[in-house]
Amino acid sequence: MKTILSGMRPSGKLHIGHLFGVLENWRKLQDSYRCYFEVADWHAMTTEYRNPRAIRQNTLEMVKDWLAAGIDPKRAVIFVQSRVPEHTELHIVFSMLVSLSRLLRNPTFKEYVGELKAKELKTSGRRVLDRLVEQTLDRILEVLQQEQQSHLSAKEYRSLLRARLKETVAEGLNRLFHTTEGEELSYGHLVNYGFLGYPVLQAADILLYKGEVVPVGEDQVPHIELTREIARRFNEYYAPIFPVPEPLLTRFPRVPGTDGKRMSKSRGNTILISEKPEDLAQKVRRMITDPQKIRRGDPGRPEICPVFALHRVFGTPDLEAIERDCRSGALGCVDCKKKLLSQIQAHLEPLQEKRAGISDAQVVEILEEGSRRAREVARRTMAEVHEALGLF
Ligand code: TRP
């Protein structure tokens, strides 16, 4: 049996994007691989370092969703990264095997820094503008005073004011562009050292368990590529102890949110696995449909309708009939949403029942036991690593 390692940052309650995109896949893989599923709480801390206490509760909520979706602690090792100290130890060994510029080129790093830059530019741009306005006011008042003393003609007054304003505005613009360019090169103060090492820690996660197959989304492929480079380098320098892992891409069509855009917490368009029936009903009721279909009888366009997209995701049985009747106008949006609601409810009900039956204490126990089992493997790998390095 090959070994799989995958993980998620504990972000709290999961939504159906996670369910169809990740958990369903993990569940199936449990039959044919030795599986390790990790709560990547150190990874969460790279961005949530100001509030690490929230990470614990998020861990419990997330793992309840894993269990509800059929991740089985008897078949897979479910563990918490921070409970297996060998992760941090291997991370530091690997940190010697990757260059700074390799990490600076990592797409997820560039993307994150890009977001921080945009935020910073907005505030620094506003600061420059505010200063410009103040300085302009100063100039106007200065010229006003001068005019009172010297009794300039209207024409002279105007040209004096114009000259002063030009000077001030030019100076301000100059500073704005200068700031923008200068700071392009020096955003280092915005991002912590730990975040730069994010993919190195991920390599340690995978290789500590000698993971050979890593089911991930497309965005994570560059991290697996870096893991492969690190494994090869370690094997070449010291001793050939690591496999060179392969990503396993899951091609599930993206799960649309209640607004038709990609489902994500930050967009506020999610349907949680644990969504309460009344909240679910409200979310479905408020979904937008084809804006050209105002009342029953109007022909609709299923291909642009978020409600139809969710029918597809949840595999509503009479999908062709829905499509046909939407197009002809025979099916109204209210009825179509009722069908969707009962389909989602039927799908989530067993998961929610299972979730409700799991207490915090049980999750803690599962994670303790899983982390203990993970640690046995991690210790063995670290012993080999020490042997290969030959330190004191
Ligand atoms: N970086 C992954 C993500 O954001 C989570 C993760 C951490 C992971 N360690 C891992 C995924 C190891 C696969 C293997 O989704």
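Where does Lys 210 lie? In this predicted model, Lys 210 sits in the loop that runs between helix 9 and strand 4. The backbone does something worth a look here: phi of Lys 210 is near 50°, a positive value in a residue other than glycine. For background, most residues other than glycine have a negative phi. As for cover, Lys 210 counts as partly exposed because its relative accessibility is 24%, and the buried class stops under 20%.

Both neighbours of that loop lead us to the ligand. Helix 9 (198-208) and strand 4 (213-216) each give two or more residues to the shell around the ligand, and so does strand 1 (3-8). Helix 9 gives the most, with 4 residues. There are 14 residues around the ligand, and the ones that come nearest are Arg 9, Tyr 198, Gln 202, Asp 205 and Gln 220.

If you're setting up the polar side of this site, start with the ligand nitrogens. Tyr 198 has a polar side-chain atom 2.8 Å from a nitrogen atom of the ligand. Glu 38 also places a polar side-chain atom by a ligand nitrogen, at 3.3 Å. For Gln 220, an N or O atom in the side chain is 3.0 Å from a nitrogen atom of the ligand. Taken on its own, the ligand has 360 Å² of accessible area, and the protein covers 92% of that.

Now step from the ligand shell to His 43, which is found in helix 2 (residues 41-48). Leaving out residues up to four places away in sequence, His 43 touches Arg 9, Gln 81, Tyr 198, Leu 201, Gln 202 and Asp 205. You'll recognise some of those names: Arg 9, Tyr 198, Gln 202 and Asp 205 are also among the residues that come nearest to the ligand. With Gln 81, the link is a polar contact between the two side chains, at 3.4 Å. His 43 counts as buried because its relative accessible area is 3%. For a sense of scale, the C-alpha atoms of His 43 and Met 287 are separated by 34 Å, and the two residues are 244 apart along the chain.

Finally, head out to the surface. Leu 129, Val 133 and Leu 137 together make a nonpolar patch of about 260 Å². One of them, Leu 137, belongs to helix 6 (residues 107-150). Is Leu 137 buried or partly exposed? Its relative accessible area is 43%, so Leu 137 is partly exposed, whereas His 43 back in helix 2 is buried.

Notes:
Residues are numbered from 1 along each chain as its sequence is written. This is a predicted model: local features need pLDDT of at least 70, side-chain atom pairs count only at pLDDT 80 or more; totals for chains, interfaces and linings use all residues. Side-chain values use heavy atoms; hydrogens and water are left out. Patches are made of residues with over 30% relative accessible area and no salt bridge: like charges are joined within 9 Å, nonpolar side chains (Val, Leu, Ile, Met, Phe, Trp, Tyr) within 5 Å. Accessible areas come from the Shrake-Rupley method with a 1.4 Å probe; for residues, only the protein chains shown count as cover. A salt bridge is a side-chain nitrogen of Lys or Arg within 4 Å of a carboxyl oxygen of Asp or Glu. Buried means under 20% relative accessible area, exposed over 50%, partly exposed in between (1.4 Å probe, protein chains only). Contact means heavy atoms within 4.5 Å. A polar contact is a pair of N or O atoms within 3.5 Å; within protein, one must be able to donate a hydrogen and the other to accept it, and residues adjacent in sequence count only if both atoms are side-chain atoms. A residue is near a molecule or strand if one of its heavy atoms lies within 4 Å of it.
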